[in-house]
Amino acid sequence: MLPDKLRRLVQLLARLPGVGEKTAQRFALFLVQQGDYATALGSELALLASSIGTCERCRGVSEIDAEGRFICHICRDTRRDSHLLCVVARIQDQIAIERSGAMRGRYFVLGRLLSPLDGIGPTDLPLTSLGQRIADEGVEEVIVATPPSVDGEATALLLAQEIEKLGVLVSRIASGVPHGGDLEFADQVTLGRAISQRRGISTTR
Ligand SMILES: [Zn+2]
């Protein structure tokens, strides 16, 4: 019933997180009726892949710089405490912690958590890049801010074991973020407190 081009647009929109077929169709029809908006959105999207990428230091999001490199504004900020590094699972978690204002240091985004059930083991995590970053920047403390879920805790323990080998202090954000909960949805005060009340991780059990 829909023209092919429009059906293709609906299919693409339906792949966005939280957008189902019906919503995608509503978006597509809206775009058809709002030509100027559709053109503006289209040109932004066309530029996205070439101008926004993964920060080569923290693996968060970054805009391309004049030299064609992707280094985000947090990694560039010289007022940041370079001895303090906060490891998070996802970019959304980095954004949530940054919004809390409690983190003076910089970040490292893992991109995924250990998950034996999904076949994700230690070799699937960017541990080499993390170790390199710690060495390059003279990091003295790593705050592990993975979520308080089974996978998040397992990842925290693995990170603690690996980072301790480098002679660097490792701490874990305090509880307060509900167990199994998403850092993204924790309020700023809770997140700020979880960071300021962090504790050392014991790797000997
Ligand atoms: Zn960065």
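**Exercise 1.** Determine whether L159 is buried or exposed in this predicted model, and describe its surroundings along the chain and in space.

*Solution.* Begin with the accessibility: L159 has a relative accessible area of 0%, and since buried means under 20%, this residue counts as buried. Next, place the residue in the secondary structure, where L159 belongs to helix 7, which covers residues 150-164. Then set aside the neighbours within four places in sequence, after which the contacts of L159 are V87, L110, L127, L130 and V144. Finally, consider a pair given by its C-alpha distance: L159 and L125 are 34 residues apart along the chain, and their C-alpha atoms are separated by 9.8 Å.

**Exercise 2.** Identify which protein atoms act as donors of the zinc ion, and establish the geometry of the site.

*Solution.* The donors are the SG atoms of C55, C58, C72 and C75, which lie 2.3 Å from the zinc ion. The angles among these 4 donor atoms run from 105 to 116°. Because four donors count as tetrahedral if all angles lie between 85 and 135 degrees, the site of the zinc ion is tetrahedral.

**Exercise 3.** Work out how the donor residues of the zinc ion are spaced in sequence, and explain which parts of the chain C55 and C75 tie together.

*Solution.* Read along the sequence, the donor residues follow the spacing C-x2-C-x13-C-x2-C. Within this pattern, C55 lies in the loop between strand 1 (52-54) and strand 2 (61-63), whereas C75 lies in helix 4 (residues 73-76), so the pair ties together parts that are 20 residues apart in sequence. As a last step, examine the accessibility of both residues: C55 is buried with a relative accessible area of 1%, and C75 is likewise buried, with a value of 5%.

**Exercise 4.** Characterise the chain as a whole by its secondary structure, its extent, its contacts and its surface.

*Solution.* Start with the secondary structure, which comes to 8 helices and 7 strands, and with the C-alpha trace, which spans about 65 × 40 × 35 Å along its principal axes. Of the 205 residues in the chain, 40% are buried. Turning to the contacts with a separation of 6 or more, 56% of them are between residues 24 or more positions apart. The chain exposes about 12,200 Å², of which carbon and sulfur atoms supply 54%. To complete the description, compare the charges: the chain has 24 positive and 25 negative charges, and their mean positions are 3 Å apart.

Key:
Residues are numbered from 1 along each chain as its sequence is written. This is a predicted model: local features need pLDDT of at least 70, side-chain atom pairs count only at pLDDT 80 or more; totals for chains, interfaces and linings use all residues. Side-chain values use heavy atoms; hydrogens and water are left out. Donors are N, O and S atoms within 2.8 Å of the metal (3.2 Å for Na, K and Ca); water is not among the atoms, so sites may look incomplete. Four donors count as tetrahedral if all angles lie between 85 and 135 degrees; four count as square planar and six as octahedral if opposite donors are over 155 degrees apart and all others between 65 and 115; anything else is irregular. Helices (H or I, at least four residues) and strands (E, at least two) are DSSP runs, numbered from the N terminus. Buried means under 20% relative accessible area, exposed over 50%, partly exposed in between (1.4 Å probe, protein chains only). Contact means heavy atoms within 4.5 Å. Accessible areas come from the Shrake-Rupley method with a 1.4 Å probe; for residues, only the protein chains shown count as cover. Lys and Arg count as positive and Asp and Glu as negative; His and the chain ends are not counted. The place of a charge is taken as NZ of Lys, CZ of Arg, CG of Asp or CD of Glu.
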